[in-house]
2 protein chains.
Amino acid sequence: MTQTWLIVGIVSGFISVGVALAIYFWVVRQDPGSERARQVAGWIRDGAASYLKRLYTVLALVAVVLAFVIAIVFSFNLNQLGTGSVDIAPSNGLTMAAAFIFGAVCSAVAGYMGMTVAVQANVRSAVAVSDTLNKGFRVAFYAGSVMGLAMVGLAVIGMSVIFLITGNPEVVLGFSFGASTLALLAKAGGGIYTKTADIAADLVGKVEVGIPEDDPRNPAVVADNVGDNVGDVAGMGADIFDSYVASTVAAMLLGAAMAGPDSLKYTVFPLILCTLGIYASLIGIQFVRVGKNGKPGAALNFGTIFTCVLFAAMVIVLVLAGGYDLSVLWSTLIGLSTGVVIGFTTEFFTSDEYKPVQETARVSSSGAAITIITGFSYGLLSIIPSVIGIVIATLVSYFISEASGVISGVYGIGISAVGMLAVSGMIVSADAYGPIVDNARGIAEMAGMDHEVIERADVLDSAGNTAKAITKGFSISAAALTVLALFAAYATVIEARGLTLNISLRSPLVVAGVFLGAMTPPIFSALAMLSVTKGAFGMIEEIRRQFREEPGILAGTVIPDYNRCVSLAADGALTSLILPAFLAVGFPLLIGFVLGPDALGGFLGGSIFTGVIFALLMANAGGLWDNAKKFIEGGAFGGVGSDAHKASVVGDTVGDPFKDTAGPSLNTLITVMVLVSSLFAPIIAAFHLFL
Amino acid sequence: MTQTWLIVGIVSGFISVGVALAIYFWVVRQDPGSERARQVAGWIRDGAASYLKRLYTVLALVAVVLAFVIAIVFSFNLNQLGTGSVDIAPSNGLTMAAAFIFGAVCSAVAGYMGMTVAVQANVRSAVAVSDTLNKGFRVAFYAGSVMGLAMVGLAVIGMSVIFLITGNPEVVLGFSFGASTLALLAKAGGGIYTKTADIAADLVGKVEVGIPEDDPRNPAVVADNVGDNVGDVAGMGADIFDSYVASTVAAMLLGAAMAGPDSLKYTVFPLILCTLGIYASLIGIQFVRVGKNGKPGAALNFGTIFTCVLFAAMVIVLVLAGGYDLSVLWSTLIGLSTGVVIGFTTEFFTSDEYKPVQETARVSSSGAAITIITGFSYGLLSIIPSVIGIVIATLVSYFISEASGVISGVYGIGISAVGMLAVSGMIVSADAYGPIVDNARGIAEMAGMDHEVIERADVLDSAGNTAKAITKGFSISAAALTVLALFAAYATVIEARGLTLNISLRSPLVVAGVFLGAMTPPIFSALAMLSVTKGAFGMIEEIRRQFREEPGILAGTVIPDYNRCVSLAADGALTSLILPAFLAVGFPLLIGFVLGPDALGGFLGGSIFTGVIFALLMANAGGLWDNAKKFIEGGAFGGVGSDAHKASVVGDTVGDPFKDTAGPSLNTLITVMVLVSSLFAPIIAAFHLFL
C-alpha cells in the first residue's frame, strides 16, 4: 500500500510537471508583439540568461564541494561514532551525496523553468493586455503557474523516488538540504541583485537625471527588470520549494520516530498530502478567471480559497477512507486555515484600504523621518497576528495529536506545516504572477505602448502586490511551523543515537546558544542590506560613467550598455554571498562542535524566534511603505510631486531591501541552519568540546 | 558579622547621599549668570517642575493601586496555596506593600534630585564655560554626580534596611519591583515626552519656519530642553537604578537558595559589593579632571576606568580577607571587565572616528533612504560584540562557580551582573553630564551668549554623547546579565514551592511562551514610537497655532506660551503609558495564569532575547545616525546645507525615538516582567489553566 502511494506520488509529480510544460509552450505561442517590444523583451531575456549562467556556475561549485564533504562524512557508519571502531560504508556516503545533488538540481530546474517562462511571458502579457485586461491577466497568471506546478511536481517526484529506493527519511533530509542550500543562495543572491539594480536605476535615473522609471535610456533599466524575475520569480519559488520539501521531510522523520505498526503509514502520509495538494492546485488554477470588469486581485484570492477548500475536502476523504487517526485531519486543517488567516491579516498591515498604510501616507507630509518611524512601528505591530497564529497552530495541533494516543504531538505540528504548504502549487502561481505583470508594465513603458495599455498594466500590477504580501505572510508562517517541526526532528535524530538532548532554558549553554542563534538573522539581514548599498554605489558610478562618456544615450540616439550593469549587479550579488553562506552552514556547525548538541539546540531555537520576527517585520514594513507610496501616487495627500510623495519615496526605497532582500531570505536561512544541524547531528553528538 | 556589614552598607549609603547633597549645594552656589540667562533657565526649571508634578501624581496613583493589590495577595500564606487551607497573615502583605512603596519612593527621590540639580546646573555650566572649558566641565560633571551618588546611596540603604529587618530576600524583591515599575513609567514616559517635543520643535522651527535650533521664539523650545532632562537625566537614572537593585536582589535570592552554612554569607555578599562600589565611585569622581587643553571625553573615560580598577582592587582584598570562595572574585571581575569592554566596543559603532559612522555619513549624499538602510544595518551588526560579551560572561561565571563546589553556577551569573553594576555611581555621573551640557549649550544659544562660548559648549556636548553611548551599551549588557540572574531566581522561587519548572524548548507550551515573549519588546517599541509621532503631530498644530495667532512671536517681541507645549507633551506622554504598562505587568501575569509557569518561563526567556537585541539595535543605530549628522555638520561630505546633511538629518530624526524612547525602555521592560513574574510566581504555581 505504501509503495502504491509512492508510485502515485511520482506519477502525479510527472503530471504536474507535464502540465507546467504544456502551459509553458502555450505561453511561448502567444503573440510576442511589435519588433520594438520584442527587442526590449530580448534585452531582459538575455540579461536574465546571463545572470542565471553565473548563478548556476557558482551554485554548481558550492553544491559539488558540499556533496563531496557529505559523501566522505556519511561514508562512516554514524551509529558507531564514538564507540572506538567505525565501519566504512562508502555507498551510504554516495547515496546521501546523490540525494543532496538531486535536491539542488530539482530546486534549480524549478527556478530555471519559472524564470524562463517569466521572461517570455512579460512581453506577451503586455501585448495581450493591449487587447483586453482579461487576456493580459491570463497570460501572466498561467505563466506564473508554470513555476508553481513544476516546483511541487519536482519536489514530490524527488522525495517519493528517494524514499521508494532507500526507505530512510534521513536520506530525504539530504535531498531537502540540497534544495534549501540552493534556495538560500538563489534567494539571497537574487534579493541583492534585484535591489542593487533597482536602487541604482532610481537614484541616477529618477533623482539625478530626471527620466521616468523604466526609461530605456537608463543603462540600469534592463538589470532592474531582470532583477524582478531573478529575485521575485526564481527566488520566491526556491523559497517555497525549500519550505515545502523541509516540512514534508520533518513530518516524515517525526512519523518514522513514532513506535508502533502504523509508523510507516504515517511516515508516508505527508507525501500523500503533497500529492493531493498537487491535484487541488491543478484544479484550482482553472478557476482563476477575471470577468469583463472583474478585479484581478479578487480572482487570485478566489483561486487561493477555492484550492484550499478543495484540498480540505480531499483530505477529509483520505483520512476517513484510509483509516488514519482523526487528529491528522485536524492538524492539516489547522495548518491550512492558519496559513490563510495569517495571509489575509497580513493584508491589514500592507493594503491601502486600512489604517496602517493610510496613516503612514498621511504623516508623510511631515517628512521622510516620520514616514520611516511610523511604517517601522506598524511593521513591528504586524508581527502580532502571525505569531499568535503560529502559537495557536502549534499548541492545538500538538495537544490534539498527543491526546489521540496514536500519533505524537510533534508529528501533529509537522502535519500542520505540511497542511499549510500542500497548496503551494496555487500559492506560488499567484505569487509569480506579480513580477511578470510588473515586468509587463515595464516593457509597455519601454516599448512606448499606449497610455491606456500602461494603465491597464498598472491594474494588473497592483493586484500582484496584494498577492505578494499574502504569500509572504503565508510563507513566513509556514516556514515557522516547518522549522519547529524540523527542530523536533533534530531532537529525534540526536536521541536516535542514544543521547538525551537537554535544551532547557535553565542550562547556561542553552541560553548562550539561544543568544548566539537569536543574533544570526539580524546579522544576516545586515550583511545582505549592506551588500545592496555597496553594489548600488558601484552601479551608480557605472551609470554616471555611461551618461558622461556617451551623450547620445540621454539623447535617445544610442543604446546604453545594458550588459555591463547586468554583470556588475550579478558579480556584486554573487561575491556578497560568501559571508551569509558561511553564517548559514558554518556557524551552526561551529556552535555544535564547540558548545555541543544542547547549545546547538538552543542556537536553532534562538534563530527561529528572531528569524520569524525579523522576517515578518521586514516583509510587512517593506510592503507597507511600498503601498503608502502608491496610495499617494493615486492622488492622496497631494499626489505625485508633493512633499508627502517625496517622503514616501524614501520609505519605499528603505523598504526595498527590507522586503525583497533581507526579509525573504530569513525563512530559508533558518531552514538551512536546522537542516544542516539535523544532518550533522550524529557527528556532533559524537564529537564536541563542551559537555 | 552579617549584621555589621548591613549596618556598614546603610552608613555608606547615607555618606553617598550626603556627598550628593553637598555637591548639590555647591552647584547651586555657582554663578547663575545674567538676567537673560537666568530667565531662560527659569523657564526650563518651571517646565521641568510642572512635568515632574504630573508624572509623580500618575506614578503615585499607580504605586498605590499596585501596593494595594500586593498587600492583599501577600496576606495569604503563599506556601499553603493549593493545599485547601490557607492562613491569613496581613502583616506579610503589609510588609511586602511597604517594601514596594519604599522602592518606588527611593527611585523617585533619586530621579527628583538628579532632575533638580540638572536644571540648576545647566545655566551655571553655561556661565562657567564662558570663563573656561574646564570650569564648565566641572560644574556639569559634579552636577551629574549628584544623581549617581544619590541613586546608589538610596538603593543600598533601602535594600540593607529591608534585609536587616526581615532577613528575607523575597521582600527585597518587592522593593526592586517598586523601583522597576517606577523606572519603567519614568523612562518610557520621559522618552516619549522628550522626543515629542524634540521632533515637533524641529519640524516646525527648523524645517517650516527656518529658525535655528534652540531659538527662544519657538514655543516648543522649552519643552524640548525640559525633555532632555526628563528623558536623559531622570529616565537614565531610573533605568540604572532599577538594574542595580534588581541584579543585587537576584544574586541575594540565588545566594539564599544555596544550601550550606555559608548561605547567609553569600546572600549578603552582593550588598557588600555595592557598598565597595560606592566608595570606588566616590573616589573615582575626584579623579575626573580636564587640564587646560584636555579633552572632556578622555577625562570621563579615565574616571570610569580608574573607578573600575579601584573597585577591582577592593574586591580582591574583600574576597581574600573575608574568606570567600575565589570563584566570586572571578565572577565579579568578569562582569566588571565585560561591562567595560562592551561599553568601549559600542563606541566603535557610534563614534565618528570609525567606519560605521563615517560610512553612513558618506553614503548620505545619495539620499536619506541609503542613510537609513546603512545605519540600520550597522545597528544590527552592533549587536555582535555585546551578545558575545554577555555569552562569555554568562558561561565563564557559571562554570567557574559551578566548579568551585561552594557556590552555584547561577549565583556566579548573578555576581557577575552585580560586578558590572557596582560602579554605577560613576557610570551614571558620567552619563548625566551629557544632558546637562546639552542644555547648557541650548541656554547659551537662547540667552544670546558669545559664539566662542557656544563653541566651547559644543566641545563639552560632544564628549557627553560618547559617554552616553558607552553607558547605553553598558546598561543594556548589565540588564541582560541581571535578567538572566533574575530568570534563575524565578525558577528558584517556583521550586521553593515544591514544583518542578520545565522550560525545555521541546515543550510546545514553552515554545509558545518564547514566541509570545519574543514579540513583546518589538510591540512595546512600536507603541512607544507611535506615541511619539502622535504626540508630535498634536504639538506641531499647537506651535503653528501660536505662530498664526500671535505674529509678535516670530518677530521676537512676544514671548510664546511655552507652558502649553510643556503640558501637551506631558499629557500625551502620560496617557500613552497605559498600554505599555499593561504589557509589562499584565501580559506576563496573563500568560502565567493561562498557560502556566513553564510557558511563563519561556515567555520571560523570549522577552529577554529580543529585548536585548532590540535595545542594542535601537540604541546604537540611533547613536550612529546622530553622530553621522554631527560628523557632516563638522564639515565632512559638504557640511551643513549639503544633500548629505539633509539626508543625515532624516537619519537623526528616525534615530531619536529609537535611541531615546523605545530602546532604553526595553531593559526596564524585561526587568519589570521578570520581577512581576517572580513576585507572583507562588500564586501562579498554585493557580493556572494549562498543565
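Okay, the nonpolar core. The largest one in this predicted model has 552 residues. Who touches the most other members? That would be Ala140, Ala485 and Phe515, in chain A and in chain B.

Let's stay with A:Ala485 for a moment. Skip its neighbours within four places in sequence, and what is A:Ala485 in contact with? There's a run of partners at A:Ser247, A:Ala250, A:Ala251 and A:Leu254, and then another set at A:Val410, A:Ile413, A:Gly414 and A:Ala417.

Right, on to where the chains meet. On the chain B side we have 55 residues, in contact with 55 residues of chain A. Helices 5, 11, 12, 15, 16, 19 and 20 of chain B each put two or more residues into that side. Which one gives the most? Helix 16 of chain B, with 15 residues. As for the chemistry, the side of chain B that touches chain A comes out at 39 nonpolar, 15 polar and just 1 charged.

Last thing, a helix pair in chain A. Helix 4, residues 133–166, and helix 5, residues 169–209, have axes that come within 9 Å and cross at roughly 150°. With angles over 145 degrees counted that way, helix 4 of chain A is therefore roughly antiparallel to helix 5 of chain A. The crossing of these two is right-handed.

And the residues doing the touching? From helix 4 of chain A you've got A:Gly158, A:Met159, A:Ile162, A:Phe163 and A:Thr166, and from helix 5 of chain A there's A:Pro169, A:Val171, A:Val172 and A:Phe175. By class, that contact has 7 nonpolar residues, 2 polar and no charged.

Definitions and conventions:
Residues numbered from 1 in each chain as written. Chains lettered and ligands numbered in written order. Predicted model: local features only at pLDDT ≥ 70, side-chain atom pairs only at ≥ 80, totals over all residues. Core = buried A, V, L, I, M, F, W, Y, C linked by C-beta atoms within 7 Å. Buried ≥ 20, exposed ≤ 12 C-beta atoms within 10 Å, placed from the backbone. Contact = placed C-beta atoms within 7 Å. Helix = DSSP H or I, 4+ residues; strand = E, 2+ residues; numbered from the N terminus. Nonpolar A, V, L, I, M, F, W, Y, C, P; charged D, E, K, R; others polar. Axes fitted to C-alpha atoms, helices over the stretch in contact; angles between N-to-C directions. Parallel < 35°, antiparallel > 145°, perpendicular 65-115°, else oblique. Left-handed = near helix turned anticlockwise from the far one by under 90°.
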